[in-house]
Amino acid sequence: MNIQVFQSKEALYDAVAKVYIDRLNQNPNLTLGLATGTTPIPLYKKLIKAYQEKLISFKGVKTFNLDEYIGLDESHPETYFNFMRRELFNHVDIDLNQTHIPNGRIDFNEAMKDYQLLLQENPIDIQLLGIGSNGHIGFNEPNTPFDSKTHIIELALKTRIDNSRLFNSLDEVPTHAITMGISEILEAKEIIVIATGKNKSDAVYEMIKGPVTESLPASILQRHKNVMVFLDTDAAHKLT
Ligand SMILES: N[C@@H]1[C@@H](O)[C@H](O)[C@@H](COP(=O)(O)O)O[C@@H]1O
């Protein structure tokens with residue numbers, strides 16, 4: 001793992017954005033694995049700015065998101081479908097037909113099989129990841145098998161409490177989600193993990209220094225050959 005710690009979030013997100021700008025200039029037809037949550041938002045803002053400044057284009061880019069809630073109305077602002085349009089897709093020249101998000105509103109078996117097949121056919125060049133405070137990646141909660149493919153998962157109470165800040169109440173937070181599996185995440189040629197804030201420091205420590213165990217899903221990243229981890233000093237504070 002290549003681990004970088006930054007004194008400021010500004011410097012952190014500049015560094016991550018630079019990786020994307022460089023990679024997109026090397027290959028304008030990248031297949032990107034994208035993430036939601038609060039963590040990637042400053043990165044998406046920087047990529048929108050880079051697009052506006054004509055440093056990058058998304059015309060040839062394909063995207064695959066990690067996950068989607070199950071049970072939210074399609075008009076709900078917290079569906080990851082709406083999140084991605086609001087935070088990135090509506091502001092750049094991406095072909096929306098080339099953007100993919102697991103579908104949380106159709107028959108589960110069909111949705112899982114469709115996404116598994118799409119991922120098999122479209123190897124991901126760079127997978128972006130945040131990390132849950134319990135070590136989840138995507139919505140792969142603790143004790144998800146490392147060999148899992150896209151599946152339906154019951155969200156951990158901790159995750160629902162963490163994410164309830166974006167909803168009117170805990171009751172409104174969905175209990176289930178559809179998520180890319182851990183084995184599919186590991187297929188990406190390159191993985192970029194971003195974590196900021198003290199509430200991520202335990203999970204970050206376990207991801208990097210802890211045993212590789214299904215009880216801390218992000219720990220499997222120790223076994224991937226090409227992972228870059230971008231941390232602020234708060235998220236990194238248990239490491240030294
Ligand atoms: N499913 C997402 C994850 O992909 C994300 O990395 C994590 C952390 O979210 P945040 O960045 O808001 O802390 O939890 C969310 O629920």
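Of the 240 residues in the protein, 41% are buried. The model is predicted, and the stops below go from the whole chain to single residues.

**Whole chain**

Start with the C-alpha trace. Along the principal axes, the C-alpha atoms fill a box of roughly 45 × 40 × 35 Å. The radius of gyration is 17 Å, which agrees with the value near 18 Å for a compact globule of 240 residues. Colour by secondary structure to bring up eight helices and ten strands. Among contacts with a separation of 6 or more, 79% are between residues 24 or more positions apart.

**Residues 10–226**

Next, select residues 10–226. UniProt lists this span, in an unreviewed entry, as "domain: Glucosamine/galactosamine-6-phosphate isomerase". The span is 33% helix and 14% strand, and its end C-alpha atoms lie 24 Å apart.

**The parallel sheet**

Hide the helices and show the strands. Seven of them form an open sheet with parallel pairing, in the order E1-E10-E9-E6-E2-E3-E5. At the edges are strand E1 (2–6) and strand E5 (99–100), each of which pairs on one side only.

Go to the E5 edge and select strand E3 (residues 62–65) together with E5. The two run parallel and are joined by two bridges. Pick threonine 63 in this pair: its bridge partner in E5 is threonine 99. Strands of a sheet pair through backbone hydrogen bonds, so the backbone atoms are the ones to display here.

**The antiparallel strands**

Now select strand E8 (residues 176–179) with strand E4 (residues 67–69). These strands run antiparallel, with three bridges between them. Aspartate 67 has threonine 179 in E8 as its bridge partner.

Keep E8 and add strand E7 (residues 151–154). E7 and E8 also run antiparallel, and four bridges join them. Within this pair, isoleucine 153 stands opposite alanine 177 in E8.

**Helix H7**

Bring the helices back and select helix H7 (residues 201–209). Which of its residues are buried? They are Ser201, Ala203, Val204, Glu206, Met207 and Ile208. To see what these side chains meet, add E1, strand E9 (190–195), strand E10 (227–232) and helix H8 (233–236): the buried residues of H7 pack against these elements. E1, E10 and E9 also stand in that order in the parallel sheet.

**Around the ligand**

Move to the ligand and show its surroundings. There are 14 residues around it, and the closest are Gly37, Thr38, Thr39, Gly130 and Gly132. By class, the shell holds nine polar residues, four nonpolar and one charged.

**Two loop residues with positive phi**

The last two stops are backbone details. Most residues other than glycine have a negative phi.

Select lysine 54, in the loop between helix H2 (41–52) and E3. Lysine 54 is not a glycine, yet its phi is positive, at about 65°. Is lysine 54 buried or exposed? It is exposed, because 7 other C-beta atoms lie within 10 Å and the limit for an exposed residue is 12 or fewer.

Then select asparagine 143, found in the loop between strand E6 (126–129) and E7. Asparagine 143 also has a positive phi, about 80°, without being a glycine. With 11 other C-beta atoms within 10 Å, asparagine 143 is exposed.

How values were computed
Residues are numbered from 1 along each chain as its sequence is written. This is a predicted model: local features need pLDDT of at least 70, side-chain atom pairs count only at pLDDT 80 or more; totals for chains, interfaces and linings use all residues. The radius of gyration is taken over C-alpha atoms; the globule rule is 2.2 Å times the number of residues to the power 0.38. A residue is buried if 20 or more other C-beta atoms lie within 10 Å of its own, exposed if 12 or fewer, and partly exposed in between; C-beta atoms are placed from the backbone. Two residues are in contact if their C-beta atoms, placed from the backbone, lie within 7 Å. A residue is near a molecule or strand if its C-beta atom, placed from the backbone, lies within 6 Å of it. Ala, Val, Leu, Ile, Met, Phe, Trp, Tyr, Cys and Pro count as nonpolar, Asp, Glu, Lys and Arg as charged, and the others, Gly among them, as polar. Two strands pair if DSSP finds at least two bridges between them. UniProt positions are given in the numbering used here, feature names are shortened, and annotations may be inferred rather than shown by experiment.
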